[in-house]
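Subject: Structure handover

Hello,

Here is the structure for you to look at. Please open it first, then read my notes below.

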Amino acid sequence: MINKRIERKKALDFSDKLLSWHQNINRGLPWVGIKDAYRIWLSEIILQQTRVEQGLPYYQQFIRRFPTVRSMAEATEDDVLRLWQGLGYYSRARNMYYTAGMVTQQYRGKFPTSYDELIKLKGIGAYSAAAIASFAANEPRAVVDGNVVRVLARVFGLSIDYQRSEGKKLFSHVAQQLLPVEKAGRYNQAIMDFGALQCVPRGPECGSCVMERICYASRKKQVARLPVKRKKHELKKRYLHFFIICHQDEVLIEQRTAKDIWKGLYQFPLIETEAETPFNELLQSDKAKSLGLEAMQGMKDINRHKQKLSHQELHFTVYQLWCRSNTFNTLARQYMAVPAIHLKKYSFPKTLAYYTDISLYSIK
DNA sequence: AATTCGGGGGT
DNA sequence: ACCCCAGAATT
């Protein structure tokens with residue numbers, strides 16, 4: 001089933017209908033129809049697992065701040081992470097920064113446009129390499145993203161889970177057979193727009209669809225069942241207790257370096273537990289003792305937040321405390337003591353970014 | 001070959 | 001609630 005063969009005539013029928021449908025489509029996206037491989041790359045990284053509407057403002061900010069790949073390479077990773085703050089999947093930003101340096105050095109700032117070169121770069125996988133190569137150089141590589149999987153699963157009745165490695169082979173093989181070699185860029189844009197605008201995940205209007213006659217799912221009433229995806233398992237719950245420890249106009253923060261969520265971002269001193277834990281129990285922990293929390297003032301100021309990630313359910317408890325100068329100076333050796341007015345220079349997880357607002361701190 | 005990386009919007 | 005998003009890296 002991995003090598004499903006699509007008849008030549010059927011492939012042409014599909015691509016013709018698709019390209020003809022796409023004649024009237026223009027979403028006005030700034031990275032569509034351009035040839036600058038750097039900008040195309042930037043858009044593809046931002047849009048990985050991210051909706052166009054969510055990524056668009058980030059794209060504009062990045063282009064304004066980093067007009068060229070060299071300008072990004074000359075910044076710091078912290079600069080890039082700060083601009084990326086709130087977008088999620090932060091390894092994209094770290095890999096993007098790394099690749100900007102690589103391209104600036106190895107390619108002298110001229111971004112590669114061939115699939116074989118692109119696929120070697122960090123943060124660029126099969127999808128992004130095909131997208132950049134086809135958009136920037138019209139190289140005939142078929143993209144397979146979530147939109148394409150949905151369209152192909154329905155039109156050609158592909159019922160294997162794309163997340164499985166067999167699924168990846170099948171979908172990319174089918175996609176490549178459908179690609180009209182001489183119109184690669186246009187076709188790739190068309191099939192993604194088709195998935196995003198017409199063949200939508202839930203409740204597509206098949207009655208007005210140009211593919212209705214040739215669509216397997218429409219004929220067999222399988223539209224709601226395709227594409228097939230494995231069910232996801234239960235979210236792991238984590239309890240994060242952050243302590244905003246202040247002294248005069250300064251606050252303690254640290255950078256996350258572990259192989260975990262938010263690597264590279266900053267946070268306030270943290271005590272993590274596996275279950276909900278009240279403050280007086282937290283005080284018993286070694287971490288609380290090393291922080292000297294018991295002697296601090298203001299533990300009645302508590303905020304709670306709940307945030308769901310794709311694999312975890314996070315329970316935040318945020319305390320604001322004031323401590324004496326000798327304690328603060330001791331802690332400032334393990335943490336960073338930062339003036340509250342400078343907190344906005346650091347990249348925080350979305351939920352914590354709220355606490356970088358200076359209005360929360362009474363600065364004299 | 002499966003899991004793990006955020007955060008937001010649609011239904 | 002649950003699903004899905006212009007996926008890639010890691011285990």
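**Helix α2**

Helix α2 (residues 37–47) is mostly covered, with 10 of its 11 residues buried. Buried means under 20% relative accessible area, with exposed over 50% and partly exposed in between (1.4 Å probe, protein chains only). Helices here are DSSP runs (H or I, at least four residues), numbered from the N terminus.

This is a predicted model: local features need pLDDT of at least 70, side-chain atom pairs count only at pLDDT 80 or more, and totals for chains, interfaces and linings use all residues. Residues are numbered from 1 along each chain as its sequence is written, chains are lettered from A and ligands numbered from 1 in the order in which they are written, and side-chain values use heavy atoms, without hydrogens and water.

Among the buried residues of α2 are Tyr38, Trp41 and Leu47. Their cover includes α3 (52–65), α5 (77–84) and α8 (126–137). Aspartate 36 caps the N-terminal end of α2. One of its side-chain oxygens lies 2.9 Å from the backbone nitrogen of tyrosine 38. Just after α2, glutamine 49 has a positive phi of about 55 degrees.

**DNA strand B**

Which residues are closest to DNA strand B? They are Ser165, Ile261, Trp262, Gln307 and Lys350, out of 24 residues that surround the strand (a heavy atom within 4 Å). Sugar and phosphate make up 54% of the strand's atoms that come within 4 Å of the protein.

A backbone N or O atom of tryptophan 262 lies 2.6 Å from a phosphate oxygen of DNA strand B. For leucine 87, such a backbone atom is 3.4 Å from a base nitrogen of the strand.

Best wishes

Methods: Polar contact = N/O pair within 3.5 Å; in protein donor to acceptor, adjacent residues only side chain to side chain. Helix = DSSP H or I, 4+ residues; strand = E, 2+ residues; numbered from the N terminus. Contact = heavy atoms within 4.5 Å.
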